[in-house]
Amino acid sequence: MLKIAVLIGSLRQGSYNMQLALTMKERYINKMDLEIADIRSLPFFDQDIELNPPREVHALLRKIAAADGVLIVTPEYNWSVPGVLKNAIDWLSRVDKVLIGKPVMTAGVSPGVMGTIRAQLHLREILASPGIQARLLPPAGNEIIISSAALKFDETTSRLVDESTVRHIDRVVDKFIEFAKQ
Ligand code: FNR
């Protein structure tokens, strides 16, 4: 079974993006093993320590290197990627460059109507940069951009329940699994 590391761009308790990641972890448990990576404890990226980084950085690098693919689930902050996620990606872009060629799919949830589209576009640009060069699932038909989150997540269970959105994600996940195996 594919081992997929998950990066989540929100640290907030009750994060919709975390709720989406947990919904996917549970729903696709027989298809892929989603393991959420800790990015909360990473220090700010610092080029002075990149050759001898603290163990939290080593742990993340090892986790990504060992994964068959990466799922990034992120909110949009000020029309872009949250700093905490960018910081993690910057660590991953140096020294061993563990994202090069790594299959990646992205998703995002927002309470507003735009569903993180600007953050997703920035994220794709970042993922194509020279130190990263991730193998991104082609976005056409595969975008997971969830708007109006309050209407689509169950307040009690904290899981995505909107049926058409769930069915769309089912299809994208199947395509990602094929893509990651290639
Ligand atoms: C936001 N939010 C937001 N939403 C959006 O659709 N576009 C945006 O540019 C921003 N900008 C922004 C900046 C900052 C600093 C915060 C804290 C929030 C709102 C955001 O989508 C909302 O708080 C989500 O609920 C955050 O995702 P999680 O934490 O629920 O996963």
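## A tour from helix 1 outward

Start by selecting helix 1 and colouring Tyr-16, Asn-17, Met-18, Gln-19, Leu-20, Ala-21, Leu-22, Thr-23 and Met-24: these residues of the helix are buried. That makes helix 1 mostly covered, with nine of its 12 residues buried. Now put a ruler on the helix, which spans residues 16–27. From first C-alpha to last, helix 1 reaches 16 Å, close to the 16 Å expected at 1.5 Å a residue.

Before going on, remember that you're looking at a predicted model. How well does the protein score on average? Its mean pLDDT is 98, and 100% of the residues score at least 70. For the complex, the predictor gives an ipTM of 0.99 and a pTM of 0.98.

**Next stop: strand 1**

Select residues 2–8, which form strand 1. Is this strand enclosed or not? Five of its seven residues are buried, so strand 1 is largely enclosed by the rest of the structure.

Keep strand 1 on screen and add residues 32–36, which are strand 2. The two strands pair in the parallel sense, over five bridges. To find one spot along that pairing, click Leu-2: its bridge partner in strand 2 is Met-32. Now bring helix 1 back into view, and you have a right-handed β-α-β unit made of strand 1, helix 1 and strand 2.

**Over to strand 3**

Which strand also pairs with strand 1? Select residues 69–73: this is strand 3, and it runs parallel to strand 1, with five bridges between them. Two pairs to click here are Ile-4, which stands opposite Gly-69, and Ala-5, whose bridge partner is Val-70.

Strand 3 is a good place to look at both sides of a strand. In a regular strand, side chains alternate between the two faces of the sheet. On one side of strand 3 you'll find Gly-69, Leu-71 and Val-73, on the other Val-70 and Ile-72, and all of them are buried. With five of five residues buried, strand 3 is largely enclosed by the rest of the structure, so expect to hide a few things to see it.

Now add strand 4, residues 103–109, which runs parallel to strand 3 and is joined to it by four bridges. Leu-71 is one to click, as it stands opposite Met-105 in strand 4. To get from strand 3 to strand 4, the chain passes through helix 3 (residues 83–92), and this β-α-β crossover is right-handed.

**The ligand**

Show the ligand and the 15 residues around it; those that come nearest are Ser-10, Ser-15, Tyr-16, Asn-17 and Pro-75. You've met two of these names already, since Tyr-16 and Asn-17 are among the buried residues of helix 1. What classes of residue make up the shell? Colour it by class and you get seven nonpolar, six polar and two charged residues.

**Last stops: two serines and an aspartate**

Most residues other than glycine have a negative phi. Ser-148 has a positive one, near 45°. Look for it in the loop between strand 6 and helix 5. Ser-148 is partly exposed, with 14 other C-beta atoms within 10 Å. Then go to Ser-158, in the loop between helix 5 and helix 6, where phi is also positive, near 60°.

Finish on helix 6, residues 163–181, and pick out Asp-174. Is Asp-174 buried or exposed? It is exposed, with 12 other C-beta atoms within 10 Å. Draw a line from Asp-174 to Tyr-28: they are 146 residues apart in sequence, and 9.6 Å apart in space, C-alpha to C-alpha.

Terms used: Residues numbered from 1 in each chain as written. Predicted model: local features only at pLDDT ≥ 70, side-chain atom pairs only at ≥ 80, totals over all residues. Buried ≥ 20, exposed ≤ 12 C-beta atoms within 10 Å, placed from the backbone. Pairing = 2+ DSSP bridges. Right-handed = clockwise from strand over helix to strand, strands pointing away. Near = placed C-beta within 6 Å. Nonpolar A, V, L, I, M, F, W, Y, C, P; charged D, E, K, R; others polar. Expected span 1.5 Å × (residues − 1). pLDDT = per-residue confidence, 0-100.
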